[in-house]
Amino acid sequence: MRIAILLLSIALAVGANFAAWWLPNRPVAVEGSKVEPPRSVSFSPYRRGQSPLTASYATPAEIESDMKLLAAYGVKSLRTYTSLEGIEIVPRLAGAMGLKVTHSAWLSSRPLANAQEITALQDAANRYPDTIDRVIVGNEVLLRNDLKIDELITFIRRVKSSIKQPVSYADVWEKWIETPELADEVDFITIHILPYWENEPIGIDRIRKHILDVYNLVKARFPNKPILIGETGWPTDGRMRADARPGLVERVRFEAIFRQLAQENGFDYNVIEAFDQPWKSLLEGTIGESWGVFDADRVPKFKAGEPVSA
């Protein structure tokens, strides 16, 4: 009798433990997730063991393989962050694959590197005008305090005077509000809307209003400038920030909500990012490496329209 009671107790404990694990992690059907792949994604082809911090870059074969994967997935455009570091081949390969490129120069506090980036961006834009449809001069330079605004404007003017494509600069949306004079120098405004990373984090249940509020604020401030949402997305792993919970289900919910907003409001946007970036964990922890549509091994994290498990 005691043995039967003991076995029953064990069975109940196992069942309760399984239920406690399975219930919150069971596959969830996310409303609105049966959508097309992102039109444009941020493209950084670093793989495990590679990093710009150690000057270990993807090989041409790896870059080509990644681009073919994204094209087959349905992506139509790539946003780069540098015109060097092996990315020089991207515009040429993109043309053959029917992809467009929003090409960029990575600016920092290093004068020589900046000069090389600007030259490479100018050369690429003039060599591949049918593939590179717009360019971005610098990414979050003001946020990082790498350059003063006058220095940044000098680089923007240099590029604008030498190419035919529209020119922009990319930063978090607050920097555009803080430095409105910058808008006079660009052809379009590139803002980053990342609710998870806001100073006051925004959870999934509140992102719809937040995204619309931010977009409409920038649009009202600069009514004569086209707006590109240059980065938006949601991390699939890492720590919580207030009610902003990372996770795969949350990522799918974010994309479903955002794409509906984009369709309703005509957003021009780019999703961050194509692939998880393990090297970013050194700068931002687990969160930094987990924004990809694909994981670091090039496996898609979810399929449109299918239930998703955390």
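## The largest pocket

Which helices each supply at least two residues of the lining of the largest pocket? They are α5 (141-144), α7 (173-178) and α10 (281-284). Keep in mind that this is a predicted model. Of the helices, α7 deserves a second look: the largest share of the lining, 4 residues, comes from α7.

As for the pocket itself, there's about 1200 Å³ of space in there. Its lining runs to 40 residues, and those nearest the centre are Trp106, Asn139, Glu140, Arg144 and Glu284. Sorted by class, the lining has 18 nonpolar, 9 polar and 13 charged residues.

## α4 against α6

Now for the helix pairs. Two packed helices are described by the angle between their axes and the distance between the axes. Take helix α4 (residues 111-127) and helix α6 (residues 149-160): their axes come within 10 Å and cross at roughly 25 degrees. Angles under 35 degrees count as roughly parallel, so that's what α4 and α6 are to each other. Their crossing is right-handed.

On the α4 side, the contact uses Asn114, Ile118, Leu121 and Gln122, and α6 answers with Phe155, Arg158 and Val159. That gives a mix of 4 nonpolar, 2 polar and 1 charged.

## α8 against α9

Helix α8 (residues 207-221) packs on helix α9 (residues 248-265) at an angle of about 40 degrees, with the axes 10 Å apart. The pair is therefore oblique. Here, too, the crossing is right-handed.

From α8, the contact takes in Ile207, Arg208, Ile211 and Leu212. From α9 come Phe254, Ile257, Phe258, Gln260, Leu261, Glu264 and Asn265. By class, the contact of α8 with α9 splits into 7 nonpolar, 2 polar and 2 charged residues.

## α2 against α3

That leaves helix α2 (residues 60-73) and helix α3 (residues 90-97). Their axes come within 11 Å and cross at roughly 35 degrees. When α2 passes α3, the crossing is right-handed.

Who does the touching? Ile63, Glu64, Met67 and Lys68 do it for α2, while Val90, Leu93, Ala94 and Met97 do it for α3. There are no polar residues in the contact of α2 with α3, just 6 nonpolar and 2 charged.

Methods: Residues are numbered from 1 along each chain as its sequence is written. This is a predicted model: local features need pLDDT of at least 70, side-chain atom pairs count only at pLDDT 80 or more; totals for chains, interfaces and linings use all residues. Side-chain values use heavy atoms; hydrogens and water are left out. On a 1 Å grid over the protein atoms alone, a cavity is a set of points where a 1.4 Å probe fits but cannot get out, and a pocket is an open set with protein on both sides within 12 Å along at least five of seven lines; lining residues have an atom within 4 Å of a point. Grid points are joined across faces, edges and corners, and a volume is the space filled by probe spheres set on the points. Ala, Val, Leu, Ile, Met, Phe, Trp, Tyr, Cys and Pro count as nonpolar, Asp, Glu, Lys and Arg as charged, and the others, Gly among them, as polar. Axes are lines fitted to C-alpha atoms, for helices over the stretch in contact, and angles run from 0 to 180 degrees between N-to-C directions. Angles under 35 degrees count as roughly parallel, over 145 as roughly antiparallel, 65 to 115 as roughly perpendicular and the rest as oblique. A crossing is left-handed if the near helix is turned anticlockwise from the far one by less than a right angle, and right-handed if clockwise. Contact means heavy atoms within 4.5 Å.
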